[in-house]
Amino acid sequence: PPDTAYFVGRRDELKVINQSRSHPLMVFGNPGSGKSTLLSRYVQELTKKGAQVLSFWVGRNPECATGAGFLRILLREIQTRQLVLDKFQWDDYSVAGVIESSELLKRALSNLKPESSDLVVIIDAVDQWGKDDPARNLNWVPYSGQFICSSLDDEQRQCFISQFGDVSILPLDVLSREDAKTLLDSWLNRDGRKLQNRQKTLLIDAFDGMPLHLRILYEGAIGWHSYDDTSDHLPNSADAGIKQLYERWTSESEHGTTMVQRTLAYLTSAPNGLSESELLELLRLDEYVVASFRCRSPQSPSIDALPEIIWSRLFHDLEPFLAERHIHGELLFDFYHMQFRRIAEKWIPPVILRDCCKRISALFLLNWGEQGINTAERVLYKLAPALKRSDEADNLFLVARDHSFLKQQDNICYGLSLE
């Protein structure tokens, strides 16, 4: 879940969530408004109280990539934690769809043990399920108990209202200026940095109320000198700030267009992130990246692969906006907020995105062929979505008909439709 070490404000919102014990609730807000962090804070508070809570984070867990996958994992957690009465008869849900899983879920929730009756289920970012996902309309959500989700999709909000009424929506408003000042000071203290009071005022005046926007403003400001006044160049939104970052990194005095575009394209094309060794391998052998390096550094020795130090320089700038995720025993790097991926998909030329996606699938396909069935679980959850995104139908068919893939698809829920 998102880090809450520097969580500020949102006292009224947390109070509303605490009072919604008898009905489902949707936290609704714009990208970067702090929905995930708010839910993470609530999970933290429930855990401290010893409450029964099951939390899931779409976009951060490949097993939740589809609604059916999420429901199967939810059922698995309820069964594994033995939250239902001993007499309850479990149906086989390992390959169940949304309808079958939702019916089993309703029966399971109506047979909770007395000590589990306060169960809270939290699912973040349901808007990230595909437009054709049968769970996207949320009509499987149980009518009783505390079930909390978050979304930025207005159609989902309307569906939720039609089922549970206006009381089921918690709109997430902007962060107040006072809370923004507190958050800004906490980041400065954490990093041992200082800004002049007038510089802090510049940031707060430019702040549009979205916590993500403040974070981007802050990361740009910590490089200021005490005499700097760059108010004319401050982005007026998180989206504008992300684009500004990307454009700044592409300058010849920084990392160059090719290195930045293709690095971001690799990160964008891997739905659950890449390990550092995978990203380095992709960049090291990318002839476009190597050619760009030779052009920008003509005095460097002749090489056939990108020096690792070139990646290290870009990683230094990327690091504040990346998150480390432990998935299936691997440490992967991914954008810490989905908005960085969304902006990159629009900002990077489509031809570069397609090419980088094909290179990722080729790398994973090589790993699939070399590592074999014993490590299928670690490879497939990356390979199958990459093949699908790169539209490589032949290779996708070869993987999809493989026995070990079919077994892993059933058990782990990769979110790849076999149709």
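**Exercise 1. In this predicted model, find which residues phenylalanine 340 is in contact with, leaving aside its neighbours within four places in sequence.**

Solution.
- Step 1. With neighbours within four places in sequence set aside, the contacts of phenylalanine 340 are Leu212, Ile216, Ile242, Leu245, Tyr246, Phe321 and Phe335.
- Step 2. Place the residue in its surroundings: the largest nonpolar core has 45 residues, and Phe340 and Tyr246 touch the most other members.
- Step 3. A second core, separate from that one, holds 39 residues, among them Leu54, Phe88, Cys149 and Phe160.
- Step 4. As background, nonpolar side chains in soluble globular proteins tend to be buried together.

**Exercise 2. State how many helices and strands the protein chain has, and what share of its residues is buried.**

Solution.
- Step 1. The chain contains 18 helices and seven strands.
- Step 2. Its length is 419 residues, of which 52% count as buried.
- Step 3. Turn to the surface: about 20,100 Å² is exposed, and 49% of it comes from carbon and sulfur atoms.
- Step 4. For contacts between residues at least 6 apart in sequence, 70% join residues at least 24 apart.

**Exercise 3. Decide whether helix α10 is mostly covered or mostly uncovered.**

Solution.
- Step 1. Locate the helix: α10 spans residues 257–269, which is 13 residues.
- Step 2. From first C-alpha to last, α10 reaches 18 Å, close to the 18 Å expected at 1.5 Å a residue.
- Step 3. Apply the cut-off for buried, under 20% relative accessible area. Residues of α10 that pass include Met259, Arg262, Leu264, Tyr266 and Ser269.
- Step 4. Eleven of the 13 residues are buried, and α10 is mostly covered.

**Exercise 4. Classify the aromatic pair of tryptophan 249 and phenylalanine 321, and the pair of phenylalanine 315 and phenylalanine 333.**

Solution.
- Step 1. An aromatic pair is described by the distance of the centres and the angle of the planes.
- Step 2. The whole structure has 18 aromatic pairs. In the one formed by tryptophan 249 and phenylalanine 321, the centres are 6.3 Å apart with 50° between the planes, and the pair is tilted.
- Step 3. Tryptophan 249 belongs to helix α9 (residues 238–249) and phenylalanine 321 to the loop between α13 (308–318) and β6 (322–327), so this pair ties together parts 72 residues apart in sequence.
- Step 4. Both partners are buried: tryptophan 249 has 2% relative accessibility, and phenylalanine 321 has 4%.
- Step 5. Phenylalanine 315 and phenylalanine 333 stand 5.4 Å centre to centre with 70° between the planes, an edge-to-face pair.
- Step 6. This second pair links helix α13, which holds phenylalanine 315, with strand β7 (residues 330–335), which holds phenylalanine 333; the two residues are 18 apart.
- Step 7. Phenylalanine 315 is buried at 15% relative accessibility, and phenylalanine 333 is buried at 10%.
- Step 8. Trp249 and Phe321 also belong to one aromatic cluster with Tyr246, Phe335, Tyr336, Phe340 and Trp347. Over the face of tyrosine 336 lies arginine 215, 4.8 Å from the ring centre.

**Exercise 5. Where do arginine 10 and alanine 125 lie, and what is the sign of phi for arginine 10 and alanine 125?**

Solution.
- Step 1. Recall that most residues other than glycine have a negative phi.
- Step 2. Arginine 10 has a positive phi, near 60°. Its place is the segment before α1 (11–18).
- Step 3. Alanine 125 also has a positive phi, about 65°. The loop between β3 (120–124) and β4 (146–151) contains alanine 125.
- Step 4. Arginine 10 is buried, with a relative accessible area of 8%, and alanine 125 is buried at 7%.

Conventions:
Residues numbered from 1 in each chain as written. Predicted model: local features only at pLDDT ≥ 70, side-chain atom pairs only at ≥ 80, totals over all residues. Heavy atoms only, no water. Core = buried A, V, L, I, M, F, W, Y, C linked by side-chain atoms within 4.5 Å. Buried < 20%, exposed > 50% of the residue type's maximum accessible area, 1.4 Å probe, protein only. Contact = heavy atoms within 4.5 Å. Helix = DSSP H or I, 4+ residues; strand = E, 2+ residues; numbered from the N terminus. Areas by Shrake-Rupley, 256 points an atom, 1.4 Å probe, with all protein chains shown as cover. Expected span 1.5 Å × (residues − 1). Phe/Tyr/Trp six-rings, centres within 6.5 Å; stacked < 30°, edge-to-face > 60°. Lys NZ or Arg CZ within 6 Å of the ring centre and 35° of its normal.
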